[in-house]
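Let's take a friendly walk through this structure, going from charged pairs to a patch on the surface. Please keep the 3D view open as you read.

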Amino acid sequence: MSGGSSSGAAGTATYVYGVLRASEEPTIDAMGVGGEARVRSVTDGGLTAIVSDVDEGFVEAGRDDLSRHMVILEQAALSATVVPLRFGTVMPDDDAVTAELLRGRAAELQELLTALDGRVELSLSGTYDEQIFGEVVAEQPEVAALRERVRGGDENATYYDRIRLGELVAQAMAAKRQRDTDQVLEKLRPLADDVHLGDVAHERSVLSAAFLVHRDRLPEFDRAADEVAAQNRARIRFRYAGPLPPYDFVGGGKEGPWG
């Protein structure tokens, strides 16, 4: 990642990916958002912003740009503590990055960097196999009885039974999801400094969790995540990703460009 020569060129603006300590500046060799300018840095005091040039008035950001944004931050997170900025953060020029971000929010940034020091995010999501509904039927006699009653029956005659069946299945799935989530967290939470639980995406989703983990504990956390997946292999498919920038652990409800 090259040092920051002020963009200032006519028709350009400065896209900002994230902020880190100047002493931890990583090596990033990549094209930035827009695909036309290389990633570089803007440094002031003890802080460095990862940036690249974009066209002035840049507002349209597509899937390729999101991929570039995330890849650049993930490269930085391999060796440095990073405060990621929101996708699409554009400032008028390098002087604005220095004045409004690196100086204007220096205290907030230093606080975040201290809280995140040496830590990365690990993402774990789980989805039940389709057989989970058979598991619910086997465990819930009332569900099994209602399913038999509505199977092949007249839609009008079985209307209320079908509503009741849907309610019972939803309740059983919620209880099962909670038990399985508790089991996963019991294994993994002690290895993390913080945990963020997101909303589940659909009825077969088990959990969507982000863990803030110190780099020193990554091998231990990886082993524990593998054990969780092995214990549930017959019924849950897990997706595990990381190390990532701490997207889910910046901001803390405060107004700012983080996350």
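Asp-65 is buried, because its relative accessible area is 8% and the cut-off for buried is under 20%. This is a predicted model, so please read each distance here as a computed one. The carboxylate of Asp-65 has a partner: Asp-65 forms a salt bridge with Arg-68, with 3.2 Å between the closest N and O atoms. Both residues sit in helix H1 (residues 63–77), three residues apart, which means that about one helical turn separates them. Arg-68, in contrast to its buried partner, is partly exposed at 28% relative accessible area.

How many salt bridges does the model hold? The count comes to 12 salt bridges. One of them links the side chains of Arg-40 and Asp-94, at 2.8 Å from N to O. Arg-40 belongs to strand S2 and Asp-94 to helix H2 (residues 94–103), so this pair ties together parts that are 54 residues apart in sequence. Are these two residues buried or exposed? Arg-40 counts as buried, since its relative accessibility is 5%, and Asp-94 counts as buried too, at 3%.

Another salt bridge joins the side chains of Glu-220 and Arg-217, at 3.3 Å from N to O. Here Glu-220 is partly exposed at 34% relative accessibility, and Arg-217 is partly exposed at 32%. Turning back to Arg-40, salt bridges with shared partners join Arg-40, Asp-53 and Asp-94 into one network.

Strand S2 (residues 40–44) also holds Asp-44. Which residues does Asp-44 touch, leaving out those up to four places away in sequence? They are Thr-98, Leu-102 and Arg-103. With Arg-103, the side chain of Asp-44 makes a polar contact of 3.0 Å.

Next, have a look at helix H6 (residues 159–188), where Asp-182 lies. Asp-182 counts as partly exposed, because its relative accessibility is 41%. Its C-alpha atom is separated by 9.9 Å from that of Leu-207, while the two residues are 25 residues apart along the chain.

Finally, let's visit the surface. Leu-66, Met-70 and Phe-87 form a nonpolar patch there, and together they have about 220 Å² of accessible area. Phe-87 is in the loop between strand S4 (82–84) and strand S5 (90–91). With a relative accessibility of 33%, Phe-87 counts as partly exposed, and so it passes the patch cut-off of over 30% relative accessible area.

Notes: Residues numbered from 1 in each chain as written. Predicted model: local features only at pLDDT ≥ 70, side-chain atom pairs only at ≥ 80, totals over all residues. Heavy atoms only, no water. Patch = residues over 30% accessible without salt bridge, like charges linked within 9 Å, V, L, I, M, F, W, Y side chains within 5 Å. Areas by Shrake-Rupley, 256 points an atom, 1.4 Å probe, with all protein chains shown as cover. Salt bridge = Lys/Arg side-chain N within 4 Å of Asp/Glu carboxyl O. Helix = DSSP H or I, 4+ residues; strand = E, 2+ residues; numbered from the N terminus. Buried < 20%, exposed > 50% of the residue type's maximum accessible area, 1.4 Å probe, protein only. Polar contact = N/O pair within 3.5 Å; in protein donor to acceptor, adjacent residues only side chain to side chain. Contact = heavy atoms within 4.5 Å.
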